[in-house]
Each structure stands twice: as C-alpha cells, then as structure tokens.
Amino acid sequence: MTMLSESATLEKTALETYVAPAKPSLIGLSRLELAEQLGRIGVQPAQRKMRAQQLWHWIYVRGAQAFDEMTSISKEMRGELAQHFTVARPEVVAEQISNDGTRKWLLRLPSGDSVEKAHEVECVYIPETDRGTLCVSSQVGCTLNCSFCHTGTQRLVRNLTAGEIVGQVMVARDRLNDWADRETPNGNRLVTNVVMMGMGEPLYNFEAVRDALLIVSDNEGIGISRRRVTLSTSGVVPNIIRTGDEIGVMLAISLHAVRDELRDELVPLNKKYPLAELLQACRDYPGASNARRITFEYVMLKGVNDSLDDAKLLVKMLKGIPAKINLIPFNPWPGTKYECSDWAQIEKFSEYIFNAGYSSPVRTPRGRDILAACGQLKSETEKLSVRERDALRAMAMTD
Ligand code: SAH
Ligand code: SF4
C-alpha cells in the first residue's frame with residue numbers, strides 16, 4: 001500500500017470500471033457471526049468459539065489484511081479461510097491531506113443492487129494535541145435534507161453495512177499505521193476518538209451502526225472506549241433511548257434552533273419530532289450525568305439563529321439536562337444561501353452561554369481547504385436536483 005508521505009492522492013479509477021469483491025469480508029461480524037461462518041466452512045462446533053476468538057484478535061487488534069499474516073492459525077485453515085472469505089476494507093480511492101493535518105479518505109463501496117456500480121463515502125481524521133478523532137459516515141448521502149448541510153443535497157443511495165462502518169476505522173488505522181504492533185510516534189494510538197458525524201443520519205441506520213460501534217468499542221479489539229465514541233443525530237427520537245440502552249455511547253444532538261418554526265426549516269425532521277419531544281428524550285437518555293453530558297451542536301448562521309435572544313432561550317431550554325454546547329461556525333459550500341455568523345457575534349453568543357454555566361467551545365473548522373469540514377462531505381457522483389430533493393424530503397417525513 002502507498003505510504004501517506006509518498007502520495008496525497010491515490011490514482012482514481014472510473015466508477016464504471018469498479019469490480020465488486022467476489023468473496024465476503026469478515027469485517028463487521030460479531031464473534032457469534034464469525035463462529036457461524038466458520039461452521040459453514042466445516043469447522044467443528046467445539047472449535048468454533050476458539051477460532052472465532054483468534055480471528056477477532058488478528059482482525060481487530062493486529063489489523064491483519066490477509067489470512068496469511070495470521071500465524072497462530074494453521075496453514076491449512078488459513079488456506080481454507082482465504083478460499084471463502086477476505087478481510088477486505090472499503091477500497092480507498094483518494095486521500096487528501098489538509099494543510100492543518102486533517103486527512104480525508106474517499107472510499108468506494110459496492111452499490112448493493114448492481115455489481116457494476118459503486119458508491120462513495122468519505123471519512124475524515126482530525127489530529128489534535130491530546131487526541132485524534134475519526135469522523136465516520138453511516139449512510140451514502142442522507143434523506144433528511146437539512147437546509148444548511150451539503151450532504152443533505154445528495155441523493156440517498158443506501159445505508160452502510162456494519163462492516164463498512166467498522167471498515168472506515170480500519171482504513172484509518174491502516175493508512176496511519178496505527179495498529180497494536182505497528183510503529184506510531186511515542187507508542188500512542190493516533191485514532192483515539194470516533195464520532196458518527198460524517199455523511200448520513202446514524203439513527204436511520206440503527207442496527208448497522210449499533211453492531212459497528214459495539215465492535216469499535218470492544219476492549220479486546222479496536223478498543224476505543226464508549227466514552228470516546230459520540231453519535232450525532234438530528235433527532236430521531238424513538239432511537240435515542242435505544243442508543244443509550246443498546247450502544248451506550250456519548251450522544252450529540254444537532255439542535256441548531258430553539259424555536260420549532262425555525263427548526264422546522266433548518267432540520268425538517270423537526271416536523272416529525274418537535275423540540276419538546278426531542279428534549280424529553282435527552283432528559284431520559286440512559287447514562288447521562290454531569291460526568292457524561294449530552295452535546296448540543298449549534299451551527300452559527302448569520303442573522304438566522306445567532307441572536308442573544310436565541311442564546312437566552314437555548315440556556316433556558318437546556319435547564320435540567322446535563323449538557324455541553326458546541327457552537328459550530330457554518331461551513332459554506334457552493335450554492336448555499338447561508339453565511340457564517342460574524343466572529344464577534346459568535347463570541348457574544350458563546351460568552352452568554354459560558355456565563356450561564358455551560359462549557360461552550362467553538363469548534364474550530366478543520367480541513368476546510370479539502371472540503372472535509374462538518375456538512376461539507378459529499379461525493380461528486382451524487383448530485384440532486386431541487387425537485388428530487390423536495391421529493392426525498394416529503395418521503396422522509398412520511399415514513
Ligand atoms: N446526521 C447527523 C450526523 C452528521 S452531521 C446529524 O445531523 O447530527 C454532523 C454535524 O455537522 C451536525 O451537527 C450537522 O448539523 C453539522 N453540519 C451540517 N452541515 C454543516 C455545515 N455546512 N456547517 C457546519 N456544520 C454543519
Ligand atoms: Fe443529514 Fe445530518 Fe446533514 Fe441533516 S445535518 S442532512 S441529518 S447529515
């Protein structure tokens with residue numbers, strides 16, 4: 001594989017020439033599912049659990065990219081495995097490195113309904129002094145069409161599988177040379193945090209996201225603790241409690257407005273699950289406490305949601321919820337009607353919230369030069385007309 005320092009952009013083949021993998025990848029399977037697959041190729045029941053555990057270790061601790069690397073498994077067995085399966089990740093077709101160190105990978109996936117066609121998703125790594133955060137996608141595109149979000153202008157093509165979600169973390173570890181026994185500067189892991197804040201609405205792909213995050217946070221595998229995994233949702237209320245119960249990761253809510261009328265416009269899903277219901281689900285979120293606060297994301301849109309009255313109402317409405325507020329400067333994209341609030345206004349807004357007792361970091365935009373910042377993710381292949389977009393919005397509201 002090409003090393004990062006040698007090339008910033010990999011050679012990109014045309015989408016039409018994509019050939020979907022012929023054999024299934026074992027990535028994304030639970031231990032139980034691994035054992036079942038082993039049964040399918042004739043491994044005796046008494047051996048399956050132990051073999052599944054070996055595979056788990058090689059795949060998720062060591063990052064093995066081929067069965068041949070799995071030296072604790074007999075040669076014969078490795079041959080048998082290779083005949084039926086792979087440990088392939090999504091194919092990396094491009095890699096861009098921002099001048100602030102942010103890296104964006106464009107990944108290619110089979111389309112699901114046609115072997116010749118492929119889809120693309122993006123995954124972004126953001127290094128900071130005390131952590132390295134990987135921003136992971138859950139869907140190709142998004143049905144929800146938030147008016148300020150670039151991803152929302154993209155045609156939803158399909159949900160990602162659990163393997164494709166875990167696969168993004170594996171690709172990042174591969175490209176950064178960040179596996180257990182590989183060289184990393186001072187021996188620390190580079191990917192320390194995962195945020196489900198890439199393309200798509202994770203709670204509209206609940207089962208796959210759950211299965212993937214359980215693998216990512218498994219401490220005998222990739223081992224990123226649940227407290228370092230954050231799932232961001234635009235407010236799919238019925239699945240918020242399930243997230244706490246079945247996944248147990250940190251929750252972030254894309255709030256962006258404090259009045260239903262405005263939120264209906266910015267986050268159309270609000271018409272289905274209005275603010276009162278959303279906030280109640282946050283109050284009921286299992287495991288929320290002062291030590292495990294819910295993050296409320298608030299994108300700063302000039303003249304739209306950035307007045308001091310908005311700040312006051314925001315503080316009032318979050319009363320009683322263990323909350324952090326994350327102000328996100330709006331990242332513009334071609335064709336958007338919004339502008340980012342003036343810096344002075346963002347500071348005023350942030351100061352008000354801070355004085356009311358909330359930590360209110362303003363998220364520094366990262367990777368803007370490579371369109372890797374929040375809401376800028378979108379692959380060129382999936383353009384959407386205004387008419388198609390309205391149709392999708394109507395569909396999302398009625399399901
Ligand atoms: N669908 C999920 C997760 C992905 S979006 C959600 O909406 O929460 C990740 C975050 O980026 C969300 O808070 C989203 O509202 C925000 N975002 C989207 N477009 C943006 C833009 N152009 N500028 C800044 N933030 C944006
Ligand atoms: Fe989808 Fe989130 Fe973008 Fe809204 S902000 S369109 S829910 S990805």
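The shell around ligand 2 holds four nonpolar residues, four polar residues and no charged ones; here Ala, Val, Leu, Ile, Met, Phe, Trp, Tyr, Cys and Pro count as nonpolar, Asp, Glu, Lys and Arg as charged, and the others, Gly among them, as polar. The residues surrounding ligand 2 are Cys142, Leu144, Asn145, Cys146, Cys149, Gly152, Gly200 and Ser234, where a residue is near a molecule if one of its heavy atoms lies within 4 Å of it. The model is predicted, so local features need pLDDT of at least 70 and side-chain atom pairs count only at pLDDT 80 or more, while totals for chains, interfaces and linings use all residues. Residues are numbered from 1 along each chain as its sequence is written, chains are lettered from A and ligands numbered from 1 in the order in which they are written, and side-chain values use heavy atoms, with hydrogens and water left out.

We turn next to ligand 1. Of the 22 residues around ligand 1, those that come nearest are Gly200, Ser232, Ser254, His256 and Asn331. Its shell divides into eleven nonpolar, nine polar and two charged residues. Strands E8 (229–233), E10 (294–300) and E11 (323–329) each supply at least two residues of this shell; strands (E, at least two residues) and helices (H or I, at least four) are DSSP runs, numbered from the N terminus. A nitrogen atom of ligand 1 lies 2.9 Å from a polar backbone atom of glycine 200, and a backbone N or O atom of asparagine 331 is likewise 2.9 Å from a nitrogen atom of ligand 1. The protein covers 96% of the 530 Å² of accessible area that ligand 1 has on its own, as given by the Shrake-Rupley method with a 1.4 Å probe.

What about the protein interior? The largest nonpolar core has 106 residues, and Leu55, Phe148, Phe296 and Leu318 have the most contacts inside it. Such a core is a set of buried Ala, Val, Leu, Ile, Met, Phe, Trp, Tyr and Cys residues joined through side-chain atoms within 4.5 Å. Helix H4 (residues 162–176) gives the largest share of this core, eight residues. Because domain 1 (31–84) and domain 2 (91–398) both contribute residues, the core lies between them; the domain bounds come from an automatic or database assignment.

Finally, two charged residues can be compared. Lysine 104 sits in strand E2 (residues 103–110) and counts as buried, at 7% relative accessibility. Aspartate 245, in helix H6 (residues 238–247), counts as exposed at 55%. Buried means under 20% relative accessible area and exposed over 50%, with partly exposed in between (1.4 Å probe, protein chains only).

How values were computed:
A polar contact is a pair of N or O atoms within 3.5 Å; within protein, one must be able to donate a hydrogen and the other to accept it, and residues adjacent in sequence count only if both atoms are side-chain atoms.
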